[in-house]
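Here is a quick walk through one protein chain, from its overall make-up down to a few individual residues. Have a look at the fold before reading on.

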Amino acid sequence: MANPNISQLMTTTLNNYKKDVSDNILNFHPLLVKLNDAGNVVRESGGVNFRENLTYASNGTVQFQGEYDTFDTTPQDVITAADFEQKIISGTITMTGKEMKQNAGKERIVNLMEEKVKNLENSLKNTIGTAIYSDGTGSGGQEIGGLQLLVADDPTTGTVGGIDRSTTDGAFFRNKLYDFSVESKTKDATTIQSAMNSLYRRCQAQAGQQPDLITADDINFGFFEDSLQTIQRISDSRLGKLGFDVLKYKQAEVYYDPECPANHMYFLNTSHIKLKHLGDFLERGEVTRPVNQDVYVLPITGLMNLTIDNARVHGVMID
């Protein structure tokens, strides 16, 4: 059985720091900042999947008609759903009996615990920051499905939310693409803006919908930055105030992310992408002590995934 004093100390220390851990993770990445500010970091109360309801076709009964013509009452099947798995992320904080003896006195143990919580926070940041760009195959398929899955280099392949994008029926759920190799163009500071203009227009597949966030690797961000020269537009947004290197392009903010895959630039409409989580964003477990080890263990877990409800308004630039 765990020492109640140590259990209480570990639990209290994490409880006091818990909100900071969640906030620091959501403020760690520009995409998460935008989603959180827009109310698109969504807590779900239950369910076996994260479901997004989708409109995949127009209503075919719409018509011009004469004053005595009949209405078209043909039943319409225009609504479907995409189901996204709930992926588990976890980490633990441990205190050994040796550490407790070496850090005798309440204040010393608290300081050590705070450092362990900060270390776990940074580890969660790095893992989530990388996973945002994943294709969902990491850790044996247990990783969250990131942008390489949702906004794919080849949008005519793969299954997203249970929808097979390689089929005719799944074509409505394909993202937009600008591939320099297909366009037979060389990417540099003189061609990057023309390519961005083209992809931006492609992402405006629906009236009033346009990308508001563009994330780029070092190469693409560098070409875009060089292309601006003396007309450089630096965004004075919350992202900039949080310390991110942000530029402005039309209605979108452009930022460099070292986690972005090489030779990629993602055009995102953050109204149609969410980070959903079940229960609290991060939840504290119970302090336990294995019967065969002089160790106290406190687990932290989150159940989450990225989801999209409209793929046509997102795009990716590759070469």
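What share of the 319 residues in the protein chain is buried? The answer is 46%. Keep in mind that this is a predicted model. The chain's secondary structure adds up to ten helices and 15 strands. As for how the chain comes together, take the contacts between residues at least 6 apart in sequence: 73% of them join residues at least 24 apart.

**A helix to start with**

Helix α2 covers residues 30-37, and its buried residues are Pro-30, Leu-31, Leu-32, Val-33 and Leu-35. An α-helix has 3.6 residues a turn, so residues three or four places apart point the same way. Just after α2 comes Gly-39, which has a positive phi of about 75°.

**The largest pocket**

The largest pocket holds about 260 Å³ of space. It is lined by 17 residues, and those closest to its centre are Glu-85, Lys-87, Gly-145, Leu-149 and Thr-159. Two or more lining residues come from each of β3 (79-84), α6 (147-150), β5 (159-160) and β14 (295-308). Which element gives the most to this lining? That would be α6, with three residues. Sorted by class, the lining has eight polar, five nonpolar and four charged residues.

**Ser-134 and its loop**

Ser-134 sits in the loop between α4 (106-131) and α5 (138-141). Is Ser-134 buried or exposed? It counts as buried, because its relative accessible area is 6%, under the 20% cut-off. A polar atom of the Ser-134 side chain lies 3.4 Å from the backbone nitrogen of Gly-136. Setting aside neighbours within four places in sequence, Ser-134 is in contact with Glu-143, Ile-144, Gly-145, Gly-146, Leu-147, Gln-148 and Leu-149. Gly-145 and Leu-149 have come up already, among the residues closest to the centre of the largest pocket.

**His-314, another buried loop residue**

Next up is His-314, found in the loop between β14 and β15 (315-318). With 0% relative accessibility, His-314 is buried too. Its side chain has two backbone partners worth a look: the backbone nitrogen of Asn-269, 3.2 Å from a polar atom of that side chain, and the backbone oxygen of His-272, reached at 3.3 Å. Not counting residues up to four places away in sequence, His-314 touches Val-151, Asn-175, Lys-176, Cys-203, Phe-267, Leu-268, Asn-269, His-272, Ile-273 and Ile-308.

**Cysteines and Ala-171**

Cys-203, one of the residues touched by His-314, is buried at 0% relative accessibility. Cys-260 is buried as well, at 6%. How many disulfides are there? The count comes to zero.

For contrast, try Ala-171, in the loop between β6 (163-164) and β7 (176-179). Ala-171 is partly exposed, because its relative accessible area is 30%, which falls between the 20% and 50% cut-offs. Ala-171 and Pro-155 are 16 residues apart in sequence, and their C-alpha atoms are 8.7 Å apart in space.

Here are the accessibilities side by side:

| Residue | Relative accessible area | Class |
|---|---|---|
| Ser-134 | 6% | buried |
| Ala-171 | 30% | partly exposed |
| Cys-203 | 0% | buried |
| Cys-260 | 6% | buried |
| His-314 | 0% | buried |

Notes: Residues are numbered from 1 along each chain as its sequence is written. This is a predicted model: local features need pLDDT of at least 70, side-chain atom pairs count only at pLDDT 80 or more; totals for chains, interfaces and linings use all residues. Side-chain values use heavy atoms; hydrogens and water are left out. A disulfide is a pair of cysteine sulfur atoms within 2.5 Å. Buried means under 20% relative accessible area, exposed over 50%, partly exposed in between (1.4 Å probe, protein chains only). Helices (H or I, at least four residues) and strands (E, at least two) are DSSP runs, numbered from the N terminus. A polar contact is a pair of N or O atoms within 3.5 Å; within protein, one must be able to donate a hydrogen and the other to accept it, and residues adjacent in sequence count only if both atoms are side-chain atoms. Contact means heavy atoms within 4.5 Å. On a 1 Å grid over the protein atoms alone, a cavity is a set of points where a 1.4 Å probe fits but cannot get out, and a pocket is an open set with protein on both sides within 12 Å along at least five of seven lines; lining residues have an atom within 4 Å of a point. Grid points are joined across faces, edges and corners, and a volume is the space filled by probe spheres set on the points. Ala, Val, Leu, Ile, Met, Phe, Trp, Tyr, Cys and Pro count as nonpolar, Asp, Glu, Lys and Arg as charged, and the others, Gly among them, as polar.
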